[in-house]
Amino acid sequence: LSITPRADPVKSMTDRRVRDAEVSGALIPFFRGVAKDKSSGTQATALAAWARTARPKHAAELSAALRGYLRDGNNPYRELIIMKFGTIESHATQLALRAVLLDTKEGRAFLGQKGSIPERMRAFAAIAIGHTGHADGVDALMQVLDTKGKSVVNLRGSAVLALGVLGRTGNATLRGRVQRYLIENLRKQAWPTAALAMIPGGLAATRDPTVVPELQTFLTRFRKPRIVRQSCALAIAALAPELTEPLLDTLIGNARRDPDDEVRRFALVALGQIAHHHPRGEGDTDPRTKYLTDKLARFYDGSFKGINLQKSDMPWLYLSAGLFGKRFPEHASEITQKLLPEAKGAAHVERRNAALIGLGLLGSKRAIPELRKMLTRVRDVRTRGTVAEALGLLGDRESRAALQELVVGKDPARVRYGAAVGLAYLADRASLDVIVDTFATTRSH
């Protein structure tokens with residue numbers, strides 16, 4: 001689950017996003033060309049990008065290209081490619097995916113092989129079934145989940161996520177069936193731990209907030225398996241529609257006192273995520289919202305001072321605070337004052353980089369001049385790359401030329417990568433040629 005905000009962090013740049021005509025006229029032919037070049041080390045990546053952007057009229061051509069890659073057993077990323085069949089609207093494709101999932105004779109023929117289909121391939125076929133959005137896949141997925149045996153543990157995890165995606169794309173009846181099935185198995189805890197840990201993610205994939213109380217109940221109980229509680233915290237972050245006092249108290253308690261390191265950190269992220277998408281109108285003066293946000297602001301203030309928060313959890317605090325300040329700008333100045341010194345001088349690189357991303361998520365324009373200086377002065381390649389990403393998150397168009405120079409320059413790959421990500425966050429089509437040219441000339445995959 002992503003820790004970046006749901007809303008576009010660079011709203012001012014939306015008018016410069018790549019247009020549909022540019023996708024059809026420039027990007028799709030580019031992806032298609034690279035995808036058909038078998039000598040390219042990035043053939044699979046290009047196929048995946050083509051599948052993501054292809055139009056319905058290209059379905060037959062795309063399907064043939066994907067299947068051609070699949071049927072060559074020497075290709076290294078066949079599992080990735082079968083997942084992309086989930087983007088193709090075709091009854092025959094849906095039947096083929098279910099055949100691969102269930103390891104039938106037809107599924108083996110589809111892949112061009114005679115032996116049994118590896119579990120990993122079947123797992124990615126399950127994800128593809130989820131993305132097709134067709135209810136016919138539910139029974140096949142549940143059949144896999146109800147099969148006993150250690151040999152299908154990873155396959156079960158993928159089937160859980162696929163069910164969640166189907167629950168989101170289907171009607172209310174289908175969604176209810178999926179949710180009841182997953183919650184029942186979460187309570188029973190009869191599945192292997194690896195599969196149980198995916199249930200909160202599957203419920204989150206339905207995007208239905210009515211399951212939050214069930215996840216919250218599980219999170220508040222100090223019971224094993226630990227990884228399931230960790231997953232519950234992340235799922236709550238993705239699903240909870242707004243701040244409520246019971247949820248706020250639960251997550252603050254987890255962030256301060258939970259004995260599980262990851263639960264503490266994921267609770268911190270959840271606080272920021274939920275605050276970030278808390279409903280708020282123009283000039284909102286709702287006293288309930290003010291009460292909750294003031295309470296959360298006091299938590300952040302104390303945590304920055306190290307009160308009831310472990311030092312090792314500070315990077316997660318910085319990300320959380322950035323999201324909170326983005327949604328409630330009346331607290332942004334105070335958070336900037338706390339994050340900027342950490343971004344410039346924290347002893348640990350993880351804290352520096354988290355503070356930089358926190359400033360980017362916050363949208364702190366006050367930080368831009370300092371970050372521009374850091375882009376040229378910082379020696380640590382990890383931090384310098386993160387500075388580039390943060391400038392992109394901040395929508396700093398004046399840094400575009402500097403980021404472009406880094407992308408095509410001779411800096412270490414981590415810096416160039418960060419600069420490319422920064423340009424992507426800027427969503428500036430003026431940088432498209434630079435990115436494509438760099439792709440054509442770099443040796444790095």
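## A walk through the helices

Select Val381, Arg382, Arg384, Gly385, Thr386, Ala388, Glu389, Gly392 and Leu393 in α22, and you'll find them meeting Arg414, Val415, Tyr417, Gly418, Ala419, Val421, Gly422, Tyr425 and Leu426 in α24. Keep in mind as you click around that this is a predicted model.

Now show the two helices whole: α22 covers residues 381-393 and α24 covers residues 413-426. Their axes come within 7 Å and cross at roughly 5°. Angles under 35 degrees count as roughly parallel, so α22 and α24 are roughly parallel to each other.

**Leu423**

Stay in α24 and pick Leu423, which sits in this helix. Is Leu423 buried or exposed? Its relative accessibility is 2%, so Leu423 counts as buried. Show what surrounds Leu423: setting aside neighbours within four places in sequence, it is in contact with Arg400, Leu403, Gln404, Val407, Asp428, Ser431 and Ile435. Try a C-alpha to C-alpha distance from Leu423 to Ile435; you should get 8.8 Å for two residues 12 apart in sequence.

**The nonpolar cores**

Next, select Ile82, Leu141, Leu163, Leu296 and Leu371. The largest nonpolar core has 125 residues, and these five touch the most other members. Colour helix α16, residues 261-276, as well: with eight residues, α16 gives the most to this core. Then zoom in on Leu296. Beyond residues up to four places away in sequence, Leu296 touches Leu243, Leu248, Leu271, Ala275 and Phe324. There is also a second, separate core of five residues, and among them are Leu319, Ile357, Leu361 and Leu393. You have already met Leu393 on the α22 side of the α22 and α24 contact.

**Ala35 and its neighbours**

Head over to helix α1, residues 20-35, and click on Ala35. With 3% relative accessibility, Ala35 counts as buried. Which residues does Ala35 touch, not counting those up to four places away in sequence? Light up Gln43, Ala46, Leu47 and Trp50. For a long ruler line, go from the C-alpha of Ala35 to that of Lys148: the gap is 39 Å, and the two are 113 residues apart along the chain.

**α2 against α3**

Some of those neighbours turn up again here. Gln43, Ala44, Leu47, Trp50 and Ala51 in α2 meet Glu61, Leu62, Ala65, Leu66 and Tyr69 in α3. The two helices pack at an angle of about 155°, and their axes are 11 Å apart. That angle makes α2 roughly antiparallel to α3. Look at how α2 and α3 cross, too: the crossing is left-handed.

Now follow the chain from α2 (43-53) into the loop before α3 (59-70), where you'll find His58. His58 counts as buried because its relative accessibility is 14%, and the cut-off for buried is under 20%. Leaving out residues up to four places away in sequence, His58 touches Ile28 and Arg32.

**Last stop: α5**

Select residues 91-101 to bring up α5, a mostly covered helix with eight of its 11 residues buried. The buried ones are Thr93, Gln94, Ala96, Leu97, Arg98, Ala99, Val100 and Leu101. What caps the N-terminal end of α5? Show the side chain of Ser90: one of its oxygens lies 3.3 Å from the backbone nitrogen of Ala92. Just past the other end of the helix, click on Asp103, which takes a positive phi of about 55°.

Conventions
Residues are numbered from 1 along each chain as its sequence is written. This is a predicted model: local features need pLDDT of at least 70, side-chain atom pairs count only at pLDDT 80 or more; totals for chains, interfaces and linings use all residues. Side-chain values use heavy atoms; hydrogens and water are left out. Buried means under 20% relative accessible area, exposed over 50%, partly exposed in between (1.4 Å probe, protein chains only). Helices (H or I, at least four residues) and strands (E, at least two) are DSSP runs, numbered from the N terminus. A polar contact is a pair of N or O atoms within 3.5 Å; within protein, one must be able to donate a hydrogen and the other to accept it, and residues adjacent in sequence count only if both atoms are side-chain atoms. Contact means heavy atoms within 4.5 Å. A nonpolar core is a set of buried Ala, Val, Leu, Ile, Met, Phe, Trp, Tyr and Cys residues joined through side-chain atoms within 4.5 Å. Axes are lines fitted to C-alpha atoms, for helices over the stretch in contact, and angles run from 0 to 180 degrees between N-to-C directions. Angles under 35 degrees count as roughly parallel, over 145 as roughly antiparallel, 65 to 115 as roughly perpendicular and the rest as oblique. A crossing is left-handed if the near helix is turned anticlockwise from the far one by less than a right angle, and right-handed if clockwise.
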